[in-house]
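Here's a quick tour for anyone meeting this structure for the first time. Have a look at the sequence and the 3D view, then read on.

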Amino acid sequence: GDAMEREKDLLLAARGSRTALLIGEALQRIDEGSYGNCGECNKPIATKRLELLPYAALCAKCQVESERSR
């Protein structure tokens with residue numbers, strides 16, 4: 001359907017970039033049923049954050065901690 005076409009367009013537009021990788025991982029989380037939960041603490045990611053970054057894998061708190069520890 002339309003959603004699949006849009007996903008394909010997004011992936012093609014971003015292919016080879018970090019964003020394409022993140023989108024691919026987000027699609028995998030959707031398939032697994034874990035989309036929307038933080039990959040670190042497993043708490044739900046804020047809806048506002050997902051609206052801004054649909055491919056976010058971490059909640060804002062865990063994201064800040066992960067960037068701090070790099």
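Leaving aside its neighbours within four places in sequence, which residues is arginine 49 in contact with? Keep in mind as you look that this is a predicted model.

## Arginine 49

You'll find arginine 49 in helix α3. Setting aside neighbours within four places in sequence, arginine 49 touches Ala56, Leu58, Cys59, Ala60 and Gln63. With leucine 58 there's a bit more to say: a polar atom of the arginine 49 side chain lies 2.9 Å from the backbone oxygen of leucine 58.

What about charge? Arginine 49 is buried and yet has no salt bridge. Glutamate 67 is the nearest side chain of opposite charge, and that one is 6.6 Å away.

## Proline 44

Proline 44 sits in the loop between α2 (18-32) and α3 (47-52). This proline counts as exposed because its relative accessible area is 64%, over the 50% cut-off.

Leaving out neighbours within four places in sequence, proline 44 is in contact with Gly36 and Asn37. Leucine 58 turns up here too: 14 residues along the chain from proline 44, with 9.1 Å between the two C-alpha atoms.

## The cysteines

How many disulfides does the structure hold? Zero. Cysteine 38 is in no disulfide, and the nearest cysteine sulfur, belonging to cysteine 62, is 3.7 Å away. Cysteine 38 is buried, because its relative accessibility is just 2%.

Why is there no bond from cysteine 41 to the closest cysteine sulfur? That sulfur, in cysteine 38, is 3.8 Å away, which is too far for a bond. Cysteine 41 itself is partly exposed, at 34% relative accessibility.

Definitions and conventions
Residues numbered from 1 in each chain as written. Predicted model: local features only at pLDDT ≥ 70, side-chain atom pairs only at ≥ 80, totals over all residues. Heavy atoms only, no water. Helix = DSSP H or I, 4+ residues; strand = E, 2+ residues; numbered from the N terminus. Buried < 20%, exposed > 50% of the residue type's maximum accessible area, 1.4 Å probe, protein only. Contact = heavy atoms within 4.5 Å. Lys, Arg positive; Asp, Glu negative; His and termini not counted. Salt bridge = Lys/Arg side-chain N within 4 Å of Asp/Glu carboxyl O. Polar contact = N/O pair within 3.5 Å; in protein donor to acceptor, adjacent residues only side chain to side chain. Disulfide = S-S within 2.5 Å.
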